[in-house]
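Biologist: Can you walk me through this model? Please keep it simple.

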Amino acid sequence: MGFALALAAEAAAAGEVPVGAVVVHEGNVVGRGSNRPIATCDPSAHAEIVALREAAARAGNYRLPGAALYVTLEPCAMCAGAIMHARIARLVYGAPDPKTGACGSVVDLFAEATLNHQTRVTGGVLAADCAGMLQVFFQERRRVPDG
């Protein structure tokens, strides 16, 4: 999660919402991502999707069985769907997302037993650090300039 936090900081420095994600397989980082929808004009360029794309390209397969995804913010429905389609075995996230979280905050797509793939989910890992980075980012964006 520390590596994902570093990627989130890179996103913040670029003016993007600070979310970072890392795909790990057999102890190796195989995909990294930070939010970039603004820079790429791509609404799907969330950190999770960017990391999954890199990992899939490395593997030569869109399915990543046995891999784990670490992300600083609870995934949205779009990212949850991509995680399931990639057959990610384990999802670990930091801060909950009370507005769009799809791991229990708004909906829990991973709890749907009828879906054909089940991903183990662990939330709240370094949650204070992950949430703190988001809070600082949004406080700075809302700050009224002096003058």
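Modeller: Let's start with a term. Buried means under 20% relative accessible area, exposed means over 50%, and partly exposed is in between, using a 1.4 Å probe and protein chains only. Helices (H or I, at least four residues) and strands (E, at least two) are DSSP runs, numbered from the N terminus. With that, E4 is mostly covered, since 5 of its 6 residues are buried.

Biologist: Where do these coordinates come from, and how are residues counted?

Modeller: This is a predicted model, where local features need pLDDT of at least 70, side-chain atom pairs count only at pLDDT 80 or more, and totals for chains, interfaces and linings use all residues. Residues are numbered from 1 along each chain as its sequence is written, and side-chain values use heavy atoms, with hydrogens and water left out.

Biologist: OK, the sheet. What is the order of its strands?

Modeller: The order is E2-E1-E3-E4-E5, in an open sheet of 5 strands with mixed pairing. Two strands pair if DSSP finds at least two bridges between them.

Biologist: Which strands stand at the edges?

Modeller: Strand E2 (28–34) and strand E5 (120–122) do. Each has a single partner strand, so one side of each is left without a neighbour in the sheet. The twist averages 15° from one strand to the next. For that angle, axes are lines fitted to C-alpha atoms, for helices over the stretch in contact, and angles run from 0 to 180 degrees between N-to-C directions.

Biologist: Remind me, what holds strands together?

Modeller: Strands of a sheet pair through backbone hydrogen bonds, either parallel or antiparallel.

Biologist: How many bridges join E1 to E2?

Modeller: There are 6, and the two strands run antiparallel. Val 22 stands opposite Arg 32 in E2. E1 also pairs with E3, through 4 bridges, and this pair runs antiparallel. There, Val 24 has Ala 68 of E3 as its bridge partner.

Biologist: And the other side of E3?

Modeller: E3 and E4 run parallel, with 5 bridges. Ala 68 turns up again here, opposite Arg 90 in E4. Then E4 (residues 90–95) runs parallel to E5, with 3 bridges. In that pair, Val 92 faces Thr 122.

Biologist: Which helices lie across the sheet strands?

Modeller: Helix H1 (residues 2–13) lies across strand E1 (20–25), E2 and strand E3 (68–73), at about 145° to E1. Helix H3 (residues 47–59) lies across E1, E2 and E3, at about 140° to E2. Contact here means heavy atoms within 4.5 Å.

Biologist: Stay on H1. Is Ala 13 buried or exposed?

Modeller: Ala 13 is exposed, with a relative accessible area of 71%. It is in helix H1. Its C-alpha atom is 9.5 Å from that of Phe 137, although the two residues are 124 residues apart along the chain.

Biologist: What about Ala 6?

Modeller: Ala 6 is in helix H1 as well. Its relative accessibility is 38%, so Ala 6 counts as partly exposed. The C-alpha atoms of Ala 6 and Val 19 are separated by 9.3 Å, and these residues are 13 apart along the chain.

Biologist: Changing topic: backbone angles. What is the usual sign of phi?

Modeller: Most residues other than glycine have a negative phi. Glu 26 has a positive phi of about 50° although it is not a glycine. Glu 26 lies in the loop between E1 and E2, a hairpin with 2 residues between the strands. Glu 26 is exposed, at 69% relative accessible area.

Biologist: And Leu 126?

Modeller: Leu 126 has a positive phi of about 50° too, and it is not a glycine. Leu 126 sits in the loop between E5 and H5. At 41% relative accessibility, it is partly exposed.

Biologist: Last topic, pockets. How much space lies in the largest pocket?

Modeller: About 640 Å³. On a 1 Å grid over the protein atoms alone, a cavity is a set of points where a 1.4 Å probe fits but cannot get out, and a pocket is an open set with protein on both sides within 12 Å along at least five of seven lines; lining residues have an atom within 4 Å of a point. Grid points are joined across faces, edges and corners, and a volume is the space filled by probe spheres set on the points.

Biologist: Which residues lie nearest its centre?

Modeller: Val 17, Leu 73, Asp 97, Leu 134 and Phe 138, out of 26 lining residues. Helix H2 (37–40) and helix H5 (127–142) are the elements that give two or more residues to the lining. H5 gives the most, with 7 residues.
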